[in-house]
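Trainee: I should be grateful for a close look at a single part of this structure, followed outward to whatever it touches. Please explain each term as it arises.

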Amino acid sequence: MNDVNHIAPRDKAEILAQALPYIRRFHGKTMVIKYGGNAMTDPELQADFAEDVVLLKLVGINPVVVHGGGPQIEQALNRLGKKGEFVQGMRVTDAETMEVVEWVLAGEVQQDIVGFIHKAGGQAVGLTGRDGGMIRARKLKMVDAKDPSKEHDVGQVGDIVEINPGVLKALLEDNFIPVVSPIGFGDENESYNINADVVASKLAEVLKAEKLVLLTNTPGVLDKAGQLLTDLSAKQIDGLFADGTISGGMLPKISGALDAAKAGVNAVHIIDGRVPHAMLLEILTDQAYGTMIRAN
């Protein structure tokens, strides 16, 4: 916990009062939060994130957390002597890797997040896409970014077919905080590893979320000179894809964010999860952080 004893009581009260318009504006609204990067591995940032989520819930906002777990999966694979392979930002997932993905995401990582939220005073429930038939998926057909006639086989990586939000809505109505692992299921009951940014974006669309917030390890979307781009339209994003400014792991993140914005999510933000309480700064203050994605 950061030391705030040096702040005068009157100033503390003023800070809290400035959050009131945002609390009023977002009360009863749903916000989908993609949790990843350093915020998931640094103990202080983990505690900050949990406190932020619980505070949002207590002031009447409905957070839904979707988490990644790339570093944890990589560590587990290394212990088994396997090396992770990526194609256009997506992890190649053979059957053995899929087993690792499931027990790392739905076990270790998810339960850590649930535990931190409970410690902060909230009530969280961990889910995968199998629970309540939430995320039905099929094998992802990945077309080569440079040669449309070429297709990459990335194994049990999933493309979302349908999302049934019933279980999430039931949990939100009962004042629980859902924590979702990005694992879907297919027609033959096979499991699929789905990019967490894509899952968060699709859930934001289906739940008609007020905001989609994506926590990253960068200040936001950067141009080729390393400068932060604070506001991006669909046309600008297309240009950044074309000239290679947006590549690798940012590709699915930005594509999903843009799809959510086009589908009616009022605000999509990519923010720096390395900043303590970055989420509260974005949602409950007038200080803009990171990059905002617009449909137009």
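Mentor: N193 is found in strand β12, which covers residues 191-193. Helices (H or I, at least four residues) and strands (E, at least two) are DSSP runs, numbered from the N terminus. The model is a predicted one, in which local features need pLDDT of at least 70, side-chain atom pairs count only at pLDDT 80 or more, and totals for chains, interfaces and linings use all residues. Residues are numbered from 1 along each chain as its sequence is written, and side-chain values use heavy atoms, with hydrogens and water left out.

N193 counts as buried because its relative accessibility is 10%; buried means under 20% relative accessible area, exposed over 50%, and partly exposed in between, with a 1.4 Å probe and protein chains only. Not counting residues up to four places away in sequence, N193 touches R91, T93, M98, V101, Q156, V157, G158 and P182. Contact here means heavy atoms within 4.5 Å.

N193 also appears in a record. In an unreviewed entry, UniProt places the feature "binding site" at G69, G70, R91 and N193. These positions are spread over 125 residues of sequence, yet they cluster in space, with a largest C-alpha distance of 11.6 Å. UniProt positions are given in the numbering used here, feature names are shortened, and annotations may be inferred rather than shown by experiment.

Of these positions, G69 sits in the loop between β2 (62-67) and α4 (70-79). With a relative accessibility of 9%, G69 counts as buried. Apart from residues up to four places away in sequence, G69 touches M40 and L105.

R91, a contact of N193, leads to another kind of link. The side chains of R91 and E74 meet in a salt bridge, 2.9 Å from N to O. E74 lies in helix α4 and R91 in strand β4 (residues 90-91), so this pair ties together parts that are 17 residues apart in sequence. A salt bridge is a side-chain nitrogen of Lys or Arg within 4 Å of a carboxyl oxygen of Asp or Glu. R91 is buried, at a relative accessible area of 8%, whereas E74, at 21%, is partly exposed.

Let us return to strand β12, where Y192 is placed. Y192 is buried, with a relative accessible area of 8%. Leaving aside neighbours within four places in sequence, the contacts of Y192 include R138, K139, Q156, V157, G158 and P182. A polar atom of the Y192 side chain lies 3.4 Å from the backbone nitrogen of K139. A polar contact is a pair of N or O atoms within 3.5 Å; within protein, one must be able to donate a hydrogen and the other to accept it, and residues adjacent in sequence count only if both atoms are side-chain atoms.

Two of the residues touched by Y192, R138 and K139, take part in salt bridges. The side chain of R138 meets that of D159 at 3.8 Å, N to O. Since D159 lies in strand β9 (residues 158-163) and R138 in strand β6 (residues 135-139), the pair ties together parts that are 21 residues apart in sequence. D159 is partly exposed, with a relative accessible area of 28%, and R138 is partly exposed at 47%.

The side chain of K139 meets that of D153 in a salt bridge of 2.8 Å, N to O. This pair links distant parts of the chain, with K139 in strand β6 and D153 in the loop between β8 and β9, 14 residues apart. K139 counts as partly exposed at 37% relative accessibility, while D153 is exposed, with a relative accessible area of 60%. Elsewhere, salt bridges that share partners join K82, D94 and E96 into one network. The structure holds ten salt bridges.

A final remark concerns confidence. pLDDT is the predictor's confidence in each residue, from 0 to 100. The mean pLDDT of the protein is 88, and 97% of its residues reach 70 or more. Among the elements, strand β10 (residues 177-181) has the highest mean pLDDT, 98, and helix α1 (residues 9-18) the lowest, 78. Where pLDDT is low, the predicted coordinates should not be read in detail.
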